[in-house]
Amino acid sequence: MKLIMSIVNTDDARGLIQALMGKGFRATVISTTGGFLREGNSTVLIGVEDDQAASVLDIIQENCHTRIQYVNPLPPAIEPGELYMPTPMEVEVGGATVFIFRVDRFEKY
Ligand code: 2BA
């Protein structure tokens, strides 16, 4: 068995869950925050049999899209009277960051 942990844009999470449920997979969504942008994202946990993992990855790819976001870099140290005009930096986020874990044991009581 595998546990697929997929960090996705919150705007994609609903469609991803619907697509997973439509194919009979079970999933849990956790609200998370990215360490770099400090913005909300969603982490989707999906437990599957080994031979189903590839199908789940296909569904994730179909439903999660890359986006361009802009971040303001930290301002440099400036002297009094100097003016600093921040230039936003372009960052490509997603579609999905996926970790796949082997599950040693699964119990449901
Ligand atoms: P964030 O940490 O908010 O990162 C958002 C995007 O910012 C990243 O997109 C990446 O393009 C950029 N980024 C992140 N750290 C950077 C850095 N030190 N310097 C320059 N740019 C940086 P993604 O790579 O698609 O990641 C989307 C989200 O997935 C991340 O949000 C984080 O929540 C999660 N993530 C990505 N890689 C991870 C990892 N190795 N471990 C745990 N979580 C991860």
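This is a guided tour of a predicted model, moving from the ligand to a nearby loop, then to the salt bridges, a helix and two exposed residues.

**The ligand and its shell**

Begin by selecting the ligand together with the residues that surround it, namely I7, G34, G35, F36, L37, N41, V91, E92, V93, G94, T97 and F99. With that shell displayed, look for the polar approaches to the ligand. A polar backbone atom of G35 is 3.2 Å from an oxygen atom of the ligand, and on the side chain of N41 a polar atom lies 3.0 Å from a ligand oxygen. The side chain of T97 also has an N or O atom 3.4 Å from an oxygen atom of the ligand. Of the 750 Å² of accessible area that the ligand has on its own, the protein covers 52%.

Now colour the shell by secondary structure, and ask which elements give two or more residues to it. They are β5 (89-93) and β6, and it is β5 that provides the largest share, with 3 residues.

**The loop between β5 and β6**

Next, select G94 and G95 and display the backbone between them, where the peptide bond is cis, with omega near -10 degrees. G94 is one of the residues around the ligand, while G95 is found in the loop that runs between β5 and β6.

From G95, move to N9, which touches G95 as well as R67 and Q69, when residues up to four places away in sequence are not counted. N9 sits in the loop between β1 and α1. Is N9 buried or exposed? Its relative accessible area is 18%, and since buried means under 20%, N9 counts as buried. Show its side chain and follow it to the backbone nitrogen of D11, which it reaches at 2.9 Å.

**The salt bridges**

Stay with R67, one of the residues that N9 touches, and add D12, because these two side chains form a salt bridge in which the closest N and O atoms are 2.9 Å apart. R67 belongs to strand β4 (residues 67-71) and D12 to helix α1 (residues 10-22), so this pair ties together parts that are 55 residues apart in sequence. The two partners are covered to differing degrees: D12 is buried at 6% relative accessibility, whereas R67 is partly exposed at 24%.

For another link of this kind, select K2 and D50, whose closest N and O atoms are 3.3 Å apart in a salt bridge. Here too distant parts of the chain are linked, since K2 lies in strand β1 (residues 2-8) and D50 in the loop between β3 (40-48) and α2 (53-63), 48 residues away. D50 is partly exposed, with a relative accessibility of 44%.

Then select R105 and E107, the side chains of which meet in a salt bridge at 2.8 Å, N to O. R105 is exposed at 62% relative accessibility, and E107 is partly exposed at 41%. The count for the model comes to 3 salt bridges.

**Helix α2 and its two faces**

Turn now to α2 and view the helix down its axis, after highlighting its buried residues, A53, V56, I59, I60 and N63. Which part of the helix do these residues line? Seen from this direction they fall within an arc of 120 degrees, so they line one face of α2. Bring in the surrounding elements to see what covers these buried residues, which includes β1, α1, β3 and β6 (96-102). On the face turned away from the buried side, select A54, Q61 and E62, which are exposed.

**Two exposed residues to finish**

Select R38, in the loop between β2 (28-33) and β3, and check its backbone, where phi is near 60 degrees, a positive value in a residue other than glycine. At 66% relative accessibility, R38 counts as exposed.

Finally, select Q18 in helix α1, an exposed residue with a relative accessibility of 55%. If you draw a distance from its C-alpha atom to that of C64, a residue 46 places away along the chain, the separation is 12 Å.

Technical notes. Residues numbered from 1 in each chain as written. Predicted model: local features only at pLDDT ≥ 70, side-chain atom pairs only at ≥ 80, totals over all residues. Heavy atoms only, no water. Salt bridge = Lys/Arg side-chain N within 4 Å of Asp/Glu carboxyl O. Helix = DSSP H or I, 4+ residues; strand = E, 2+ residues; numbered from the N terminus. Buried < 20%, exposed > 50% of the residue type's maximum accessible area, 1.4 Å probe, protein only. Polar contact = N/O pair within 3.5 Å; in protein donor to acceptor, adjacent residues only side chain to side chain. Contact = heavy atoms within 4.5 Å. Arc of directions from axis to C-beta. Near = heavy atom within 4 Å. Areas by Shrake-Rupley, 256 points an atom, 1.4 Å probe, with all protein chains shown as cover.
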